[in-house]
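Me: I would like to work through this model by question and answer, with the reasoning spelled out before each result. Please begin once the structure is on screen.

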Amino acid sequence: MELRLDIPEREKFIKMKGKHHKKEFICNTDSVAGSVSQRACVYSGARVVLNPIEDAVHLVHGPIGCASYTWDIRGSLSSGSELFRNSFSSDLKESDVIFGGEEKLSKCIDEIYEKYKPKLIFVYSTCIAGVIGDDIKAVCKESSKKYNIYVVPVESSGFVGNKAAGYKAACNSLLDLIKEFPVLKKEPLSINYMGDFNLAGEAWIIKGYLNQMGLKVNTIFTGDSNFESLKKATASSLNIVQCAGSMTYLAKKFEETFDIPYMKVSFLGIEDTSNSLRKIAAFFNDKDVMLKTEKLIEEKTKMAKPIIEKYKRYLKGKKAAIFVGGGFKAISLIKQFRELGIDVVVIGTQNGQKDEYEKIEEIADYGTVILDDANPSELEKFMVEKGADILAGGVKERFLSYKMGIAFIDHNHDRKHPLSGYEGAINFAEEVYTTACSPVWKYVKDGVNKCV
Amino acid sequence: MYETYKSVNENPCNMCMPLGGIIAFRGIEKSMVLLHGSQGCATYMRRHIAEHYHEPIDVASSSLNEKGTVYGGEKNLIKALDNVIRVYNPNCIGILTTCLAETIGEDIDRIKSEYKTSRNISIPIITAPTPGYGGTHSEGFVKTSYRIVEELSTDKERHDRINVIVPNISTADLREIKRLLELMKIPYILFPDYSDTLDSPFNFPYKKIPDGGTKISDIMSMGGSIATIEIGINYEETPGKYLQDRFDVPLYKVPIPIGLRNTDAFLKLLKEITGNPIPKSIEMERGRLIDGMIDSHKYNFVGRCTIFGDPEMVYSVFTTCMENGIHPLLIATGSKTQKLKELIASEDNPLNDDITIVDETDFSHILKLSEEKEVNIAIGPSDGKYLTEKGGIPLVRIGFPILDRVGGQRILSVGYTGTLNFLDMITNTLLENKYKTYRKDMYEKYYKAM
C-alpha cells in the first residue's frame, strides 16, 4: 500500500509497521500549515495541566476567547474547593492591545484578591500578551508582594510551540512555586502521583490502591490537588508518572532538584495496572508492601477479569483506530484493546515523542499505520483503508467517527467515567461494548438513508 | 437601571469573533475556512462548534509559530491555502484573522491577491478581519456575513427573489423560515444557509465538505433582489445595509421571529413585499399558538427570568416572555450593545419596571444579579448551567452554544410552531419547578405554620 497523501509534506509524519521500517518518520515538530491539525496550543497545554489545582485562581491574560474555550474544560473532580472551575480573563480589548495590558492585569488581580482571597493565582500568558510584550512576571511579582500570596506566571504564549511546550511551561511554573516552599524531610513509604488529572475520579482510584499497598500519597499532580498538598511534594521518596507527555519533565526536574527518583507507570488496562503496581512495590523493596500489593492485584483481577471476558466474547476480531494526545497513552490503549481481543490498525497521536513512536512500532501488528499530528482527512483515509470498526479519540474526532458510521471511545478530558485501574478497565470494556455493539450500526452499514 | 463592568471577566458570556465567522462561512456552498493565526485558535473553535452541532468541523489554520509571528506569516498562509485546496478542493475559501495576525499587522488582502494571481486561482477567497479582541462571536458572524456579500454580490441584474439574511440561529430555525417562505410561494435567497452543512444527514460515503449552503451564484445575485429582509435588529453595518447602499435593494429589518408579534411582523412584511397571501395553514399554526398560550398563561405568570446570550436572540426571547406574562428581570449579553438597551427600554412594560440590562457582562455578574432578583428560570445557551449549579436556577437551553445536551443545534423556536415548541419548554420547566416542591411547600405553609 502506498501512502498517496494529498499533502506530500505530511508523508514524513506517517509510516506503516513492517512496510516502512527504514522510512523517515518525524514527530514533535510544528504542524504543517493548512493541514487541519487536531492540535491545540501552548496555552491549552499549560491550562489543562494546572487547571485541576482546585483552590487556585486561573487567570488568563489575553483576549476573551482563550478563557471562554477553556472554562471548566476538564471533568476533574475535587474533594475540596471548586474555585478552579471558574475561568478568569483580563479580557484584553483593542485599546489594551495598543496601550499595553499590564495595568489591567494588575487591576484584575486586585479584584480577584478582594473577592476570593486566594493563596495561589496562576497567570497565563497568551499569544497576544506575548506579542504586545506585557511584562507578566513583573506584574505577578508585584502582586505577590502586595498581597503576600503566590501569583505565579505561566509562560504559555500560544505561538511559541505546540501543546507539549505548554506542558513544560506548566511544569516550570509548578517547580518555581514548589521551590519557594521549605524542602521537607523524606518520608520512607511515600509517593507523589504525577500526570493524573482526576477525570471522573481516576486519581482517587489509584490513590486508593496505593494506600491499600501501604503507601502514603503526598501530592497528586494535579488531580484533586491544592495549595497545601503541593507543599508536601518534597517529602516523597518516589514520583510515579502516569501521563508521561505532560509530566515526565517535572519528574526529571524533581530528581535534579530534590533528589526524588521517578518511574513511568500506566494504569490503563489490567495488564499495565498490575505491572505498574508491582513495579512501585519493588521500588520500595518492603515485604509488607509487596504482600499487600499482590493481595490487591489478586482481588481486583478476580473482580475485573470475568466482566472483561464477558465483553470480549462480543468484541473479539473487531478492529480499532487510536488517535489520542500522547504516545504513552496510545501504547497503553493498544494493550487495552488487545485485552478485549481487538486489533489496532491505525495509531496516531497529537504530541507523541520519538521514543514512544518506537515503542508503538515495536508492539504494533504488521501493517498498522502509525501517524503523528494526523488530520481528519488522513484519519478518514486510513480508517477506511484499514477497515476500523472503532476509533478512540478526543471530542473533535467523535463526530468524524460517527459520520463515517464508526463506533467511538471518548478518550478525552470530557469523559464522565474513569478509565484508570481495574474499575477503569471494566468501564473501558463496557464503553467499547456499548458503542461497538449498539443496534444503530445495523441501520447505517448498508442501505444508507433509503426508506425503501 | 444599568450596570457597569469591572476589569476582570469571571466566566465569559461570549466567545470571540472568528468563531462567528466560521459559522457564517459554513453557510456558503462547498466552502472551507482558514484561520490565520496560531494553531490553538482553530482547534478550540472547532471543538466548541463541533460539540454544539454534533458534526465534524474542519477548519484549517496557518499554524503561525514564533518565526511567523516575528517575521510575518505570509509563507504559512500561502502554504495553508495550497494545502486546503489540495485536500478539500473547495469552491470558496474564507480567511479569518485572529488576534495574533491582526496584532502583527498581516496584510491578508495583499497576500490573497498575489496568491490568486500567482497560482491562477479562480475560486473566491474572501478575507474577514476578526480579531478576538475586536468583538464577540455575534459581531464576528455579522462582520463576516458582510464581507462575504461585499465580496461576492456583484451582479445587479434584477430578478424576482427576495433576500433573507439571518443571524446565528438554529439549523431547525433556518429550515422553518424556508418552509414558511415556500408555503407563501416566495422565491428567496437565504444567506448564510448552514441548515444542511451544520446539520447534515447521515450518508455514505463521508464527504469532507457536506452538501448544502447558499450557492455562490445566488450570493452574487443578491444585489438584484426585490428586497432584503434582514433578521436581526441590533447591528447597523450589516450585509443588508451594504446591498441597500450599493444596489438600492430596499432593506427591511425584523427581530428573529420568535413569539407571536415577531412572527406576525415577519409574515406581514413578506406579504407586503410580495403581495402573496398568508395561506390558511399558517393561520392555523397561529391559532394553535394562541391556543397554547392561553392554556399555559397562568403557569407562565409565576416565571421570573434571566435572559442571556447573543443580543438578537436575547431580544426575541425577551418579547416572547413579555407576551406570555413571564417576567423578564435580567437581560444580559457578552456583546457591547447600546441598541439592545434602547429597544428594551422602549417596550411598553405593564408587568414590572424592574428590568436590569447588562452588556459586556460575565456569568459571575449574571448569577449575582439573578440571585438578588430571585429569578426562578434562566433562558439562554448551555453555559448558563453555571446558574443552575451555583444558584439552583433551572435553565431552558436556546441559542449558541449548547454543549451539554444533544439536539441543541436543532431546537426549533421561530415561527408560530417554533414559538409554541419553545414556550412549552419554558412552561414545562416552570411546572416541573412547582411540582418538585408543591406538596412540601403547602405543608410547611399551611399545616405547620397554622
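Me: Which residue in strand 12 of chain A is the bridge partner of A:K15?

Reply: In this predicted model, strand 1 of chain A pairs with strand 12, residues 369–372, in the antiparallel sense over three bridges. Strand 1 covers residues 14–16, and within the pairing the bridge partner of A:K15 in strand 12 of chain A is A:I370.

Me: Why is one side of strand 1 and of strand 14 of chain A left without a neighbour in the sheet?

Reply: The open sheet has six strands in the order 1-12-11-10-13-14, with mixed pairing, and its twist averages 15° from one strand to the next. Strand 1 (14–16) and strand 14 (407–410) of chain A stand at the edges of this sheet, so one side of each lacks a neighbour because each has a single partner strand.

Me: At about what angle does helix 16 of chain A run to strand 14 of chain A?

Reply: Two helices can be placed against the strands of this sheet. Helix 14, residues 354–363 of chain A, lies across strands 1, 11 and 12 of that chain and runs at about 170° to strand 12. Helix 16, residues 395–403, lies across strands 10, 13 and 14 of chain A, and its angle to strand 14 is about 165°.

Me: Which residue in strand 11 of chain B is the bridge partner of B:R304?

Reply: Chain B has an open sheet of five strands in the order 12-11-10-13-14, with parallel pairing, and there the twist averages 20° from one strand to the next. Within it, strand 10 (residues 304–308) and strand 11 (residues 327–332) of chain B run parallel and are joined by five bridges. In strand 11 of chain B, the bridge partner of B:R304 is B:H327.

Me: Which backbone oxygen does the side chain of B:T197 reach at 2.8 Å?

Reply: B:T197 sits in the loop between strand 7 (188–191) and helix 9 (216–220) of chain B, and its relative accessible area of 3% means that it is buried, the cut-off being under 20%. A polar atom of its side chain lies 3.5 Å from the backbone oxygen of B:Y194. The residues that B:T197 touches, not counting those up to four places away in sequence, include B:E55, B:P210 and B:R26. At 2.8 Å, the side chain of B:T197 reaches the backbone oxygen of B:R26.

Me: Is B:I256 buried or exposed?

Reply: B:I256 is found in the loop between strand 9 (251–254) and helix 11 (260–274) of chain B. Leaving aside neighbours within four places in sequence, its contacts include B:P167, B:I169, B:I231, B:M313 and B:V414. B:I256 has a relative accessible area of 1%, and since the cut-off is under 20%, B:I256 is buried.

Me: Which helix of chain A gives the most residues to the largest nonpolar core?

Reply: In soluble globular proteins, nonpolar side chains tend to be buried together. The largest nonpolar core has 138 residues, of which A:F122, A:F221, A:M247, A:F254 and B:I177 touch the most other members. The helix that gives the most to this core, with nine residues, spans residues 163–180 of chain A and is helix 7.

Me: How many residues form the other core, which includes A:F25 and A:V344?

Reply: This other core lies apart from the largest one, and among its residues are A:F25, A:L215, A:V265 and A:V344. Its number of residues is 62.

How values were computed: Residues numbered from 1 in each chain as written. Chains lettered and ligands numbered in written order. Predicted model: local features only at pLDDT ≥ 70, side-chain atom pairs only at ≥ 80, totals over all residues. Heavy atoms only, no water. Pairing = 2+ DSSP bridges. Helix = DSSP H or I, 4+ residues; strand = E, 2+ residues; numbered from the N terminus. Axes fitted to C-alpha atoms, helices over the stretch in contact; angles between N-to-C directions. Contact = heavy atoms within 4.5 Å. Buried < 20%, exposed > 50% of the residue type's maximum accessible area, 1.4 Å probe, protein only. Polar contact = N/O pair within 3.5 Å; in protein donor to acceptor, adjacent residues only side chain to side chain. Core = buried A, V, L, I, M, F, W, Y, C linked by side-chain atoms within 4.5 Å.
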